[in-house]
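Hello! Here are some numbered notes to read with the model open beside you. Please check them against your own view of the coordinates.

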Amino acid sequence: MAKGEWGLPQWLERGVADLFPIGTEASDADQQLAARLAEAEKQGRPLRIKLGIDPTGSDIHLGHSILFRKLRAFQDAGHTAVLIIGDFTARIGDPTGKSATRVQLTAEQVEANARTYLQQLGQGQDPARALLDFETPGRLEVRRNSEWLASLDLPKVIELLGISTVGQMLAKEDFANRYGSGTPISLHEFLYPLLQGYDSVAVQADLELGGTDQKFNVAMGRDLQRHFGQRTQFGMLLPILAGLDGVQKMSKSLGNTVGLAEDPLSMYSKLEKVPDAAVEEYLTLLTNLDLAVLPENPRERQKAMALEVTRQRHGEAAAQQAQADAGKLVGGAKGSGAADAEVPEASLAQVNFPAKAFYLLSAVGICSSSSEARRQIQGGGVKLDGEKLADPNQEFAAAAELEGKVLQLGKKTFRRLVAG
């Protein structure tokens, strides 16, 4: 099997942006991951691969899935995924990437979000399409860090605080920027990287996965393991996925995401429009396709990526159908293909008729507000059965007038309107 620059199998190195530490002696299993893997195989024990998630929201998108895909790769190689639900740390909130103190969530909010996370990751679903293997014995531990963090007494907290310095904390870019600009930093925020690092101690992690913005926190886990006399973990960091605009990171607040729970047509249609400059990154991080054998034509590579990502989530038949339907809805003449395309439905049951076009779009959930709907219509981005809606105030008298028609926003969002 071919090896990469760190002496690891290609499946393991694919997409990895950083790995630390990187030892020079193959015999030193504490400084070289390849040696740790070989040692574990010789001993017949799986490595413990840690990934911590703070359920501060309810939806997982493709940007989040990169880390879970790598975690699944370790599972498939026989190792144990230790998925830590940060039900305690989420109530503080990771300060990474934030310019202000985060709003603290209640325990009830965090637990509700955690349940939806696990469902989206594949709990109780078809294992072939699940992001994580929930079925094979010994391949997954799901832990909540309140198990050990909620019971920490003051002496232990003081011990943790004594391991790091204010200078080290202010070296963290987000804290440094806020301190330099005079933006307040609450003392409890300094606890976050320490508590996340203590998670590594609690589960005795061999390796921790994180995004490239998590290096400080992952390194803190190594420091704490060393302090408590444990063998230190490796850090494996993966890139932050660009959103559908191909520029800014994928983020729900920026409206440039693809959610794991999205229907096949919406998922495929969005991915098929990813800018050319971002397609290679999507192929590398979101698929296992061999890039060397894909067509060189950028449009064909884009379609192959969209099809494969949709297939992973929804299966081969649904992905092929989504590709065909997207072609009918976007590529045909006015109204062409809408009648026989499989399009997600949107109910008109809650719409008060007569209804103006801008109200209709927000009432069926295609737009988040009436003002956004007005902007989209005025910008020429809305069609009804292939015909552009030009007037936000165009009025529809009754549901029967819209029954069965396809409402389209841009080239990525489609809904078939139904009366029930």
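1. Gln204 sits in the loop between α9 (187-203) and β5 (207-211). Helices here are DSSP runs of H or I with at least four residues, strands are E runs of at least two, and both are numbered from the N terminus. Although Gln204 is not a glycine, its phi is positive, about 55 degrees. The residue counts as exposed, at 52% relative accessibility. Exposed means over 50% relative accessible area, buried under 20%, and partly exposed in between, using a 1.4 Å probe and protein chains only.

2. A word on where the values come from: this is a predicted model, in which local features need pLDDT of at least 70 and side-chain atom pairs count only at pLDDT 80 or more, while totals for chains, interfaces and linings use all residues. Residues are numbered from 1 along each chain as its sequence is written, and side-chain values use heavy atoms, with hydrogens and water left out.

3. Two cis peptide bonds deserve a look. One joins Phe20 and Pro21, with omega about -5 degrees; Pro21 is in the loop between β1 (18-20) and α2. Another joins Phe353 and Pro354, with omega about 0 degrees, and Pro354 belongs to the loop between β7 and β8.

4. Asn352 also lies in the loop between β7 (345-347) and β8 (355-356). Its relative accessible area is 55%, so Asn352 is exposed. From Asn352 to Ala399 the C-alpha distance is 9.1 Å, with their positions 47 residues apart in sequence.

5. For a long-range pair, try Gly44 and Ala357: they are 313 residues apart in sequence and 64 Å apart in space, C-alpha to C-alpha. Gly44 is in the loop between α2 (33-43) and β2 (48-53), and is exposed with a relative accessible area of 66%.

6. Which residues of helix α16 (residues 370-378) are buried? They are Glu372, Ala373 and Ile377. Seen down the axis of α16, these fall within an arc of 135 degrees, so they line one face of the helix; the arc is that of the directions from the helix axis to the C-beta atoms. An α-helix has 3.6 residues a turn, so residues three or four places apart point the same way. The buried residues of α16 pack against α15 (357-363) and β9 (382-384), where contact means heavy atoms within 4.5 Å. Arg375 and Gln378 are exposed on the face turned away from the buried side. After α16 comes Gly380, with a positive phi near 80 degrees.

7. Another glutamate to inspect is Glu308, in helix α13 (residues 298-314). Glu308 is buried, at 13% relative accessible area. Neighbours within four places in sequence aside, Glu308 is in contact with Thr287 and Leu289.

8. Finally, the whole chain. Its secondary structure comes to 16 helices and 13 strands, and 47% of its 420 residues count as buried. The radius of gyration is 24 Å, which agrees with the value near 22 Å for a compact globule of 420 residues; the radius is taken over C-alpha atoms, and the globule rule is 2.2 Å times the number of residues to the power 0.38. The C-alpha atoms fill a box of roughly 70 × 50 × 40 Å along the principal axes. Among contacts with a separation of 6 or more, 68% are between residues 24 or more positions apart.
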